[in-house]
Amino acid sequence: MIGTVFRTADVPAGDRFDYWQELVGRTRSSALVSEHAAEFWAEQRLLELGPVIVSQLSFKPTRYRRTAKMVRQADPEFYHLTLLMDGGLALDHVGQASTFTARDLHLADSSQPYDVRSADDRQGGVVTGMAVDFPKSLLPLPPHRVRELLGRRLPGQEGVGSLLADFVVGLERQSGTLQPSDAPRLGTVVLDLMSAWFAQLLEAEAALSPESRGRAMAQRVQDFIRQNLHDPELTPPVIAAAHNISLSYLHRIFQQQTQGEPVAAWIRRRRLENAHRDLSNPALLGTPIHTIAARWGYPRASDFTRAFRSAYGISPRDHRQRTLAEGS
């Protein structure tokens with residue numbers, strides 16, 4: 001398990017707003033103002049992934065101001081990426097005035113003043129989002145180019161932006177099953193995805209190292225595979241063509257990220273794991289085995305039975321009966 005949860009409800013009511021300002025100040029030093037300070041409520045789950053800090057934040061409407069004086073007094077030289085999940089925000093930063101709604105992302109620079117505030121029509125509406133804070137020195141792009149992205153609405157509904165958003169949200173959801181040893185590697189993945197996305201937005205992919213491009217591409221490939229496991233025609237040549245890369249490059253970057261596991265083997269393992277899970281689910285008892293097999297890319301029941309038995313040492317039917325008997 002990784003991550004630490006902080007709740008204002010865990011401290012006396014009179015101390016909750018000050019407690020929240022202290023928590024936020026650990027990564028995003030700013031002055032806070034809220035009409036709800038007297039009855040404040042907020043929660044944070046903080047994940048430390050090496051030098052990258054990912055957190056899930058929920059709070060009552062609040063204004064966060066980082067002034068020029070605060071920048072002069074102390075500057076961690078961080079970039080702050082925010083993914084809004086619920087509610088609304090407005091941001092004034094480097095001459096940009098923007099508003100954001102669910103699934104929007106925006107980037108801020110701790111070396112520049114900013115003013116971010118809740119912009120929600122609901123009375124007392126809670127704002128929820130994901131935050132990624134990381135040293136500016138880790139982003140392999142020229143600062144003058146990154147400045148072009150500051151304060152803008154960065155859509156996270158498609159492409160690499162969507163992949164990054166889904167990965168960050170997945171980190172919070174899976175934090176209970178992740179181990180501390182996973183943290184540095186996960187932080188590297190977040191950085192690679194951000195770097196690839198920012199470079200794409202700026203048309204500056206050439207500034208990335210081959211390693212960063214390869215890791216980001218491998219993550220895109222894995223996401224593509226997960227979305228298409230149902231397709232029996234999902235093969236390495238099809239995957240390579242879908243990403244406009246050569247088959248040899250696909251195999252090379254994929255095995256680098258999976259400790260040598262080939263693409264086809266990774267697909268097969270994921271399909272069988274999903275089928276194994278569905279066959280263990282009492283709610284799917286009425287679903288025929290061949291239907292579950294087809295759902296995960298095995299249109300021929302005999303092929304599925306053979307692969308399942310090879311992986312688990314038991315037939316799909318016997319596994320289902322044994323699991324249900326153990327649970328009764």
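# Reading the labels on this chain

Mentor: About 16100 Å² of the chain is exposed, and carbon and sulfur atoms supply 50% of that. The areas come from the Shrake-Rupley method with a 1.4 Å probe; for residues, only the protein chains shown count as cover. This is a predicted model: local features need pLDDT of at least 70, side-chain atom pairs count only at pLDDT 80 or more, and totals for chains, interfaces and linings use all residues. Residues are numbered from 1 along each chain as its sequence is written, and side-chain values use heavy atoms, with hydrogens and water left out.

Trainee: How many helices and strands does the secondary structure of the chain come to?

Mentor: The chain has 12 helices and 12 strands. Helices (H or I, at least four residues) and strands (E, at least two) are DSSP runs, numbered from the N terminus. The C-alpha atoms fill a box of roughly 70 × 50 × 35 Å along the principal axes.

Trainee: What percentage of contacts between residues at least 6 apart in sequence join residues at least 24 apart?

Mentor: That share is 70%. Contact means heavy atoms within 4.5 Å.

Trainee: How far apart are the mean positions of the positive and negative charges?

Mentor: They are 4 Å apart, for 38 positive and 36 negative charges. Lys and Arg count as positive, Asp and Glu as negative; His and the chain ends are not counted. Each charge is placed at NZ of Lys, CZ of Arg, CG of Asp or CD of Glu.

Trainee: Why is Phe59 called buried?

Mentor: Buried means under 20% relative accessible area, exposed means over 50%, and partly exposed lies in between (1.4 Å probe, protein chains only). Phe59 has 6%, so the label is buried. Tyr64 has 8%, so the label is again buried. Across the 328 residues of the chain, 48% count as buried.

Trainee: How many aromatic pairs does a search of the whole structure find?

Mentor: The search finds 10. Phe59 and Tyr64 form one of them, with 5.4 Å centre to centre and 75 degrees between the planes.

Trainee: What makes the Phe59 and Tyr64 pair edge-to-face?

Mentor: Rings of Phe, Tyr and Trp (its six-membered ring) pair if their centres lie within 6.5 Å; planes under 30 degrees apart count as stacked, over 60 as edge-to-face and the rest as tilted. For Phe59 and Tyr64, 5.4 Å meets the distance limit and 75 degrees meets the edge-to-face limit.

Trainee: Why is the pair of Tyr298 and Phe304 tilted?

Mentor: Its centres are 5.5 Å apart and its planes are at 55 degrees, so it falls between stacked and edge-to-face. Tyr298 and Phe304 are both buried.

Trainee: Which residues do ring pairs link into a cluster?

Mentor: Phe17, Trp20, Phe40, Phe59 and Tyr64.

Trainee: How do you know that Arg26 lies over the face of Phe6?

Mentor: A charge sits over a ring if NZ of Lys or CZ of Arg is within 6 Å of the ring centre and within 35 degrees of the ring normal. Arg26 is 5.4 Å from the ring centre of Phe6 and lies over its face. Lys136 lies over the face of Tyr79, at 5.7 Å.

Trainee: Why does Arg63 count as partly exposed?

Mentor: Its relative accessibility is 35%, so it falls between the buried and exposed limits. Arg63 belongs to strand 5 (residues 63-66). Beyond four places in sequence, it touches Ala31, Leu32, Val33, Asp115, Val116 and Arg117.

Trainee: Why is Gln56 called buried?

Mentor: Gln56 has 15%, so it is below the buried limit. It is in strand 4 (residues 52-59). Outside its neighbours within four places in sequence, its contacts include Glu43, Thr128 and Glu172.

Trainee: What stands out about the phi of Asn244?

Mentor: Most residues other than glycine have a negative phi. The phi of Asn244 is near 55 degrees, a positive value. Asn244 sits in the loop between helix 7 (236-242) and helix 8 (247-257). At 72%, Asn244 is past the exposed limit, so it is called exposed.

Trainee: Which loop holds Arg103?

Mentor: The one between strand 8 (96-100) and strand 9 (104-109). Arg103 also has a positive phi, about 80 degrees, and is not a glycine. Its relative accessible area is 26%, so it is partly exposed.
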